[in-house]
Amino acid sequence: MEQDIRRKTVATILTDGDSSVGKTVDVKGWVRTRRGNKNVQFVALNDGSTINNLQIVFDLSKFSEEQLKPITTGSSIHVQGILVKSQGQGQSVEVQAQDLEIYGTAPNDYPLQKKGHTLEFLREKAHLRPRTNTFGAVLRIRHALAFAIHKFFNDKGFVYFHTPLITASDCEGAGAQFQVTTLPLNDLPKDEEGNIDYSEDFFGKLASLTVSGQLEGELGATALGLIYTFGPTFRAENSNTPRHLSEFWMVEPEMAFYEIADNMDLAEEFIKYCISYALENCMDDIRFLNDHFDKELISRLEFVIKNDFVRLPYTEGVKILEECGKKFEFPVYWGVDLASEHERFLVEEHFKKPVILTDYPKEIKAFYMKLNDDGKTVRAMDVLFPKIGEIIGGSQREENFEKLSNRIEELGLTGMDWYMDTRKYGTVPHSGFGLGFERLVLFVTGMQNIRDVIPFPRYPKNCEY
Ligand code: 4AD
Ligand code: MG
């Protein structure tokens, strides 16, 4: 091998295309397939930089059968050769191999031999599935969306504010937290009343993994003005659904001086930006997923970008559901926490557009939401999407010290003095929301199951790798 030629990614080579024809290139990757005859062998090489393979042509007057024998599906190789215009169909350029180095063979028990493994099978092989076309596409799109999120907020002057993953507060109050402890579980220290004595625990108090960075995010927003968090969150709900994970990533912007309408505007602009970014930057991958899994994917994405989201109070949404004549599995009445079937009816059948549902009954929403003048509803906003249901949950926050402390007392929450200080000193109207990152990735990839849009999914009774 020539030492002074630098490796190029397959993506770069295919993008450069004709302009590099005639040059020597150096490529490294994993073999997808090898086929051919006694005179010539064709290898489809993939290095993860793009869904497209680079075709490597081995002339058997230069290479022996013996040399090429280790090149099987899954093996890893290094090739130097001349980039030429391709004679065959399906690619514009290919590499005429001159030098070959085998990095690693893949014995014939390599699990990804065939095309068209089921997603269920691949979930069992989650440690290898990033090497498939489908997961390569999903993971590149996931990356692009994460990048778009940072770009969107940075361009608007938001500060990326890091909130803790280990916390002593319960933002959503749903009791779905994972505890963090170093106490010996089979010999717990007890106080005089027989309760666990957390003063002996690592942090000297009960601590958990965060379900949301919002409360700490509000401290950031009431100092820096516009902030966002983007990190892992953890929920110990026993939800075995295609839309729930126990560990998922959440994007949470929090904005001082924003009222609920500003919050909705931002949420809508934000989602549309992310989807447009993916369409502009990941078209090869999106087209692959469109062609193989979901023929309406691209048109659905374009539709969402082009149309205004419906904005509808919860009370009117419930009325539509009550009067629609459809038989739901779960009953609908004013005050009920809507199920996914209700949300999807509004979005997919009634409006046929994303819907932002607002002004929910206070009983079914978290303590921090701003109370409306009716005394019954709060300034909440859930963004509901086709196929997904709730993709964003947010609200205007209660900024009034008295009202908020009454609500905290009503619900029996303790240890919130630090949070109340944002209302005690220089309180301001403010709002924010949380986007479930994997639900966005689900929507943009058209995948059906949230376990297929994160490399290592965590869900009840599963913690592999
Ligand atoms: O609606 P949620 O519970 O809202 C909050 O946590 C607020 N503190 C956010 C805020 O205002 N800053 O969660 C926000 C979003 C949901 O709309 C959903 O997309 C996603 O997080 N989500 C989940 N995604 C995957 N698996 C789960 N178990 C999820 N739970 C919520
Ligand atoms: Mg919610």
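**Arginine 235 and the shell around ligand 1**

Colleague: What makes the pair formed by arginine 235 and ligand 1 a polar contact?

Modeller: A polar side-chain atom of arginine 235 lies 2.8 Å from an oxygen atom of ligand 1, and a polar contact is a pair of N or O atoms within 3.5 Å, so this pair qualifies. The model is predicted, with local features needing pLDDT of at least 70 and side-chain atom pairs pLDDT 80 or more, while totals for chains, interfaces and linings use all residues. Residues are numbered from 1 along each chain as written, chains are lettered from A and ligands numbered from 1 in written order, and side-chain values use heavy atoms, without hydrogens and water.

Colleague: Which other residues meet that limit, with an oxygen atom or a nitrogen atom of ligand 1?

Modeller: An N or O atom in the side chain of glutamate 390 is 2.6 Å from an oxygen atom of the ligand, and a polar backbone atom of leucine 245 is 3.0 Å from a nitrogen atom of ligand 1. Taken alone, ligand 1 exposes 630 Å² (Shrake-Rupley method, 1.4 Å probe), and the protein buries 93% of that area.

Colleague: How many residues surround ligand 1, and which are the closest?

Modeller: There are 25 around ligand 1, each with a heavy atom within 4 Å, and the closest are Glu172, Gln214, Arg235, Glu252 and Glu390. The shell divides into nine nonpolar, eight polar and eight charged residues.

Colleague: Which strand gives the most to this shell?

Modeller: Strand 15 does, with five residues; strand 15 (389-396), strand 11 (247-256) and strand 16 (430-436), DSSP runs of E with at least two residues, each supply at least two residues of the shell.

How values were computed: A polar contact is a pair of N or O atoms within 3.5 Å; within protein, one must be able to donate a hydrogen and the other to accept it, and residues adjacent in sequence count only if both atoms are side-chain atoms. Helices (H or I, at least four residues) and strands (E, at least two) are DSSP runs, numbered from the N terminus. Ala, Val, Leu, Ile, Met, Phe, Trp, Tyr, Cys and Pro count as nonpolar, Asp, Glu, Lys and Arg as charged, and the others, Gly among them, as polar.
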